[in-house]
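Visitor: I'm new to this one. Could you pick a single part and walk me through it up close?

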Amino acid sequence: MSGTTLVNFRLDQETKRSMEGVCHDLGMSMTTAFTLFAKKVDRERRIPFDVSLDGTPSPSVAQPVTIATNHADPAVIVEDVVRVFGEGATERRALDGASLTVRRGEFVAIMGPSGSGKSTLLHILGGVDSATSGRVVVDGMDLSTLGSNALALYRRHTVGLVYQFHNLVPFLSARDNIELPVRFDGSRPDPATITELLELLDIADCEKSMPSELSGGQQQRVAIARALVSRPAVILADEPTGSLDRANGEKVVELLRRARERFGTTVVLVTHDEGVAAAADRVVRISDGRVVCGEE
Ligand code: ADP
Ligand code: MG
């Protein structure tokens, strides 16, 4: 695809924010995403058309980018990573020499005070932010060597991101949300794969529901299913239980463990909750942008 497309939508703030977040994480321009959804949205009359998004679509079909992965490597290597925001008087070292290694198939919980750099670390691992210095290797790939196309594919294939809020596109059904990364690749989802995920995450009853019809726990399980749909090497979850009650939070953690058992997925989860962290294989503590405890 190339050239300029004009797509018209009227978006409320929440829809716009979710779309921006999801598109950003999955390495897709808003224009391309809406071009993809135009028929569906029009047919189902979920939202009226009335906003102009004018831009060049991003590459949607899997590019012939070969990324060499070495499966003998640990899933995640973070070596002396620094991330500086701002400069001069406003400079903030969000990460200040953080180092961490996560084995394949390991479930690691990251804990630390607010502002200690946990989200920054996850964003860098997710390829949505980059380190100022240091080395980050995920699934055998040094992220600093990936160009923008490879990085977009990396976000869709190698990692799956789950947040506390705003994970789902509000005008798409649960099933459509789960299929998003596959559709962004220009592929057709394999129905058996989607059904397997719906069953694994105990949301088979919800597949046709819109996010607003689901409980917070169900929404989060749909978000996890979407994060798993491309069989990523690593799930990166930033306080995924932060807005859930205890029972739903425990369920989410149990399902992440179940996904790890089924697919061998490595899980890196940020949490404030000691109970949630206790379900992990290992707890890593961060303070002032450094790993201070739990690194092997
Ligand atoms: P945590 O997730 O542990 O609460 P963050 O990684 O969000 O911490 O933030 C670490 C530090 O970096 C904080 O001081 C935060 O204000 C700062 N920070 C994070 N993102 C940005 C940004 N985009 N611009 C400027 N400062 C930032
Ligand atoms: Mg955070």
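Guide: Let's take a close look at the surroundings of ligand 1. Keep in mind that this is a predicted model. The residues around ligand 1 are Phe85, Arg92, Ala94, Pro113, then the run Ser114, Gly115, Ser116, Gly117, Lys118, Ser119 and Thr120. Sort that shell by type and you get 3 nonpolar residues, 6 polar ones and 2 charged ones; glycine goes with the polar group in this count.

Now for some atom pairs. Gly115 has a polar backbone atom 2.7 Å from an oxygen atom of ligand 1. Gly117 also offers a polar backbone atom, this time 3.0 Å from an oxygen atom of the ligand. With Thr120 it's the side chain that takes part: one of its polar atoms sits 2.6 Å from an oxygen atom of ligand 1. These pairs count as polar contacts because their N or O atoms are within 3.5 Å of each other.

How much of ligand 1 does the protein cover? On its own, ligand 1 has 560 Å² of accessible area, and the protein covers 60% of that.

You may also wonder which elements supply the shell. Those giving two or more residues are strand 4 (92-102) and helix 3 (118-125). Of the elements, helix 3 gives the most, with 3 residues. So if you want a place to start in the viewer, try Thr120, whose side chain has that polar atom 2.6 Å from a ligand oxygen, then look at the backbone of Gly117 and of Gly115.

Notes. Residues are numbered from 1 along each chain as its sequence is written. Chains are lettered from A and ligands numbered from 1 in the order in which they are written. This is a predicted model: local features need pLDDT of at least 70, side-chain atom pairs count only at pLDDT 80 or more; totals for chains, interfaces and linings use all residues. Side-chain values use heavy atoms; hydrogens and water are left out. A residue is near a molecule or strand if one of its heavy atoms lies within 4 Å of it. A polar contact is a pair of N or O atoms within 3.5 Å; within protein, one must be able to donate a hydrogen and the other to accept it, and residues adjacent in sequence count only if both atoms are side-chain atoms. Accessible areas come from the Shrake-Rupley method with a 1.4 Å probe; for residues, only the protein chains shown count as cover. Helices (H or I, at least four residues) and strands (E, at least two) are DSSP runs, numbered from the N terminus.
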